[in-house]
Each structure stands twice: as C-alpha cells, then as structure tokens.
Amino acid sequence: MTFTKAQDVINYLYSLPKLHEKADLSYIKKVLTFLDNPQDKVKTVHVTGTNGKGSTSYYLSSLLQKAGQKTGLFVSPYVFEFNERIQLNGRNISNQNLVEIANQIELILAKIRRENPAFSLVTFEYEVVMAFLYFAREKCDYAVIEVGIGGEHDKTNVIIPEVSVITTVGLDHEKIIGPTLQDIAREKSGVIKKNRPVIIGNVPKEVLPIIQQKAQKEHATIKLLGKDFKISLQENLTYQDQNKKISFLTRPLVEGYDVGIAISAVSLLGVKLSAAEIKEAINQTKIPGRYQVLQNNPLIVLDGAHNIQAVQNLLNYAHCEQKRRQGQVRILIMMMKDKDIAQVFDLFHATDEVYLTTIDYPRAAKKKDFPQWIQEKYQYMSDWQAAYQNLKQKSQTNDILLVTGSFYLVGNILQMETKNAGSRY
C-alpha cells in the first residue's frame with residue numbers, strides 16, 4: 001500500500017486492530033529490527049504514570065528545547081489534530097512527513113508478509129514505530145516518549161532511556177494492567193532499566209516499595225518527590241532541590257508536581273540550563289487540554305481527567321477556587337463506557353451542579369450507560385455544544401465551570417472555541 005494523503009494514513013491507522021492475541025512486544029520489535037532499530041539512535045526519556053505523564057512530557061520537551069537540544073515528543077491522545085502525537089521542537093509532524101514515514105513502514109510490512117501473510121501491527125504500535133522512525137530520521141538529540149498504558153508491556157517499552165519517570169500510580173485501565181494498585185505499580189515499574197536513574201512522583205505509600213524494589217534490582221538510582229526535590233505552593237509555585245530554588249507562575253499543585261519531576265529529570269541528563277532558563281521554559285509551556293484556562297471571569301477550565309485520581313485532583317483545585325471566589329462550581333462531564341463511572345461520580349460535592357453529555361464516538365457513554373442513580377440525580381444533555389454554551393451563559397463572573405471526563409470532549413470544545421475566536425488558544 002502507498003499513501004498520498006495524511007488523512008488516508010490516519011484513516012488506515014484507525015482501521016487496524018487494537019490488540020494482538022498475545023500482549024507481548026514481539027510484533028513491534030520485529031518491525032523495528034527490519035527498520036534497523038531507529039529507537040536506539042536517539043537518546044530518550046520514558047514517562048509513565050496514571051496521571052501527569054502528558055504534562056510532564058510537555059514540560060520535559062520545553063526544558064530540553066530551551067537547552068538547545070533538538071527534541072522529539074511522542075504523546076497521546078491529541079486535542080486538535082492527530083499530528084500532535086509526534087512533535088519535533090514543539091511543532092507537529094507535517095502531513096508530508098507523516099505520509100513518507102508511513103510509506104517507509106508499509107515497505108517493511110510488505111517484506112515481512114512475504115513470509116508471514118497475516119502479520120499486522122495494531123494501531124498504537126504503528127504510531128510508536130512512526131515516532132521512532134521520524135525522530136531517528138530527524139537526528140533528534142533527545143526524544144520524550146509518553147507511555148500509552150502501563151509500562152512493562154506498553155508498546156513504547158522497547159527503549160533503554162537515559163532517565164525513566166513514574167509520575168503517579170492510581171486506578172485506571174484495571175482490566176488491562178490491574179486489577180489492584182499493586183498490579184498497576186508493578187506494570188509501571190517496567191519502565192525502569194538497568195543502571196538508568198528513575199524519577200518517582202506522587203506515588204501512594206503502600207505501593208512505593210514495589211517500585212523501589214524494582215529500582216534496586218536494576219541498580220537504578222531513585223530521585224523521589226518530597227525527598228530529593230520538593231514542590232510547594234503559596235503565592236507562587238516553588239521547586240527546590242539541594243542545588244537550586246526556583247519560583248514559577250502559579251498553577252494547580254498537581255501540575256506543580258509534574259513541573260518538579262521534569263526539572264529533576266532534565267538535571268540528570270547533564271544539559272546546561274540556568275535557573276532563569278528553567279523558569280522561562282516552564283512558564284511558557286502550554287499544554288492542551290490539561291488544566292487549560294479558557295477565561296478567568298467566570299473561570300472556565302478544560303481538563304481531560306478521566307479516572308478517579310485525576311478527577312479528585314481537579315475537584316480539589318475547583319473547590320479551593322470556589323472558597324476563594326465564593327462562586328458556584330458547574331461541571332460538564334462526558335465519560336467513556338469502560339471507565340469507573342460510579343466511583344468518579346461519588347467524588348462530587350452535594351453543592352456541585354453536574355451535567356452529563358456525550359459526543360459522537362463509539363465508546364462514549366450515552367444516558368442509558370450511566371448507573372440509574374446518576375441518571376436520576378443529574379441532567380443529561382445529549383448536545384455537548386448546546387450544553388456547554390448553556391452553562392457558559394449561566395455562569396456568573398465568580399463561578400467556576402469545569403469541562404472534563406474525556407480528552408475527546410475537551411478537544412471538541414477547544415476546537416469550537418478556537419473557531420469562534422479565530423485563533424488558537
């Protein structure tokens with residue numbers, strides 16, 4: 001197969017199977033071997049975590065660019081367009097490069113299929129291969145690689161990174177990498193490699209020993225949030241380790257943890273960055289769909305939180321703002337059918353005004369997919385655009401409007417607001 005348009009590549013990717021019969025890395029390793037192992041030609045930082053891995057990856061990319069490094073970034077999901085998944089120095093891969101890279105992979109797949117006609121990559125494997133091939137072709141100094149799900153069995157886990165990162169451990173994707181928090185911690189610790197340091201973020205005390213034991217086994221030195229580097233939030237957000245103390249523009253504490261993890265990781269890479277450069281890089285970083293403030297009065301925040309830990313963090317932030325502003329919290333939420341819906345809805349305060357919505361997507365929960373008590377308690381508005389506009393108009397200057405539950409909903413609203421404004425946020 002030969003592609004001529006980027007949209008054809010994207011359509012093809014989404015037509016591929018999602019899972020193999022066996023959940024190992026043999027398929028992706030085979031293709032990478034045929035491509036002369038592009039993943040080994042670029043230094044990498046590998047980032048996993050139940051929450052915060054996307055933000056941490058963006059901060060890392062900004063810091064490395066500020067240090068003059070040609071930097072690749074592989075993240076998921078996207079908010080505006082598919083090309084966001086693969087970035088070079090903060091710019092999305094071009095349509096032309098997307099097509100060229102995909103055609104190169106197709107040639108290799110054709111070779112493999114001569115001996116094994118049924119051979120195929122799943123969607124995420126294909127995307128990972130594209131990223132590694134692109135970063136090697138562009139001769140990146142570093143590539144920041146965000147894990148898809150888990151760690152040990154994730155399709156990105158074919159690298160020996162300079163530094164590994166575990167941002168958080170919480171309940172999400174329990175059917176794939178669970179069911180327990182301990183199982184999830186074990187799976188995420190799979191990114192730790194022999195003699196390569198690991199940065200550990202805000203990880204629950206009960207599973208921290210699992211990660212520490214894996215690090216010990218691999219002779220990987222640990223830098224731990226709260227011990228080796230600290231983050232505090234008063235007037236400003238402040239990062240401190242034994243060598244430096246830097247203050248940044250204020251942001252939610254959980255985002256602050258991601259900032260701290262990124263700074264700590266970059267300090268291990270030996271790239272030269274002054275405190276002023278670190279401050280500038282972090283303050284200038286814009287992360288789409290993650291605690292993204294659209295306006296301040298009323299405060300409208302878009303965040304793709306879609307699991308218990310992330311929604312709890314977002315609500316903590318919103319309720320702190322509510323105390324400060326003395327306003328009403330309104331929440332527009334859309335969730336996927338396979339998420340922990342009931343547990344997420346248990347987190348809302350009695351005073352929160354919560355509205356359910358959906359989007360045109362196979363996995364998106366419709367009214368009937370929500371538990372009966374949720375259907376009875378909260379208003380369902382099937383038209384997400386009308387629901388959002390209605391809540392926006394209803395909100396007074398001191399109120400807070402959260403849009404959450406899925407990056408798909410957040411992306412749709414961002415695109416709508418961007419069209420309305422005629423410029424990108």
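Let me start with one pair of strands. Strand 9 and strand 10, residues 237–240, are joined by four bridges. The two run antiparallel. Here is one bridge to find on the screen: Ile 231 has Tyr 239 in strand 10 as its partner. A word of caution before I go on: this is a predicted model.

Those strands belong to a sheet. It is open, has three strands, and its order is 9-10-11. The pairing is antiparallel. Which strands stand at the edges? Strand 9, residues 230–233, and strand 11, residues 245–248. Each has a single partner strand, so one side of each is left without a neighbour in the sheet. From one strand to the next, the twist averages 20°.

Now the other sheet. This one is open too, with eight strands. Read the order across: 4-3-2-5-1-6-7-8. The pairing is mixed. Its edge strands are strand 4, residues 91–92, and strand 8, residues 222–224. Each of these pairs on one side only.

Go to strand 1, residues 43–48. How many of its six residues are buried? Five, so strand 1 is largely enclosed by the rest of the structure. Strand 1 pairs with strand 5 over five bridges, in the parallel sense. In that pairing, Val 45 is matched with Val 144 of strand 5. Strand 1 also pairs with strand 6, through four bridges, again parallel. There, His 46 stands opposite Ser 164 in strand 6.

Stay on Ser 164. Strand 6 covers residues 163–168, and four bridges join it to strand 7, residues 198–202. These two strands run parallel. Ser 164 stands opposite Val 198 in strand 7. So much for that side of the sheet.

Back across to strand 2, residues 71–74. Side chains in a regular strand alternate between the two faces of the sheet. In strand 2, Thr 71 and Leu 73 point one way. Gly 72 and Phe 74 point the other way. Are these four buried or exposed? All are buried.

Gly 72 is a handy marker here. On one pairing, strand 2 runs parallel to strand 5, with four bridges. Gly 72 stands opposite Ala 143 in strand 5. On the other, strand 2 and strand 3 are antiparallel, with three bridges. Gly 72 stands opposite Leu 88 in strand 3.

Next, helix 1, residues 6–15. Its buried residues include Ala 6, Val 9, Ile 10, Tyr 12 and Leu 13. Look down the axis of helix 1: the buried residues fall within an arc of 160°, so they line one face of the helix. What covers them? Helix 4, residues 95–115, and helix 5, residues 123–137, are among the elements that do.

That takes us to the largest nonpolar core. It has 45 residues. Those with the most contacts inside it are Val 31, Ile 105, Tyr 126, Met 130 and Phe 135. Which elements each supply at least two residues? Helix 1, helix 2 (26–34), strand 3 (86–88), helix 4, helix 5 and strand 5 (142–146). Helix 5 gives the largest share, eleven residues.

Pick Met 130 and follow its contacts. Leaving out residues up to four places away in sequence, Met 130 touches Val 9, Leu 13, Ile 86, Leu 98, Ile 101, Ala 102 and Ile 105. Val 9 and Leu 13 are both on the buried list of helix 1. Apart from this core lies another, of 36 residues. Among its members are Ile 199, Val 259, Val 271 and Ile 282.

One more buried residue: Ile 184, in helix 7, residues 181–188. Its relative accessible area is 0%. Ile 184 and Val 203 are 19 residues apart in sequence. C-alpha to C-alpha, they are 11 Å apart in space.

Last, the cysteines. How many disulfides does the structure hold? Zero. Cys 140 counts as buried, because its relative accessibility is 6%. Cys 320 is exposed, with a relative accessible area of 54%.

Note on methods. Residues numbered from 1 in each chain as written. Predicted model: local features only at pLDDT ≥ 70, side-chain atom pairs only at ≥ 80, totals over all residues. Heavy atoms only, no water. Pairing = 2+ DSSP bridges. Axes fitted to C-alpha atoms, helices over the stretch in contact; angles between N-to-C directions. Buried < 20%, exposed > 50% of the residue type's maximum accessible area, 1.4 Å probe, protein only. Arc of directions from axis to C-beta. Contact = heavy atoms within 4.5 Å. Disulfide = S-S within 2.5 Å. Core = buried A, V, L, I, M, F, W, Y, C linked by side-chain atoms within 4.5 Å.
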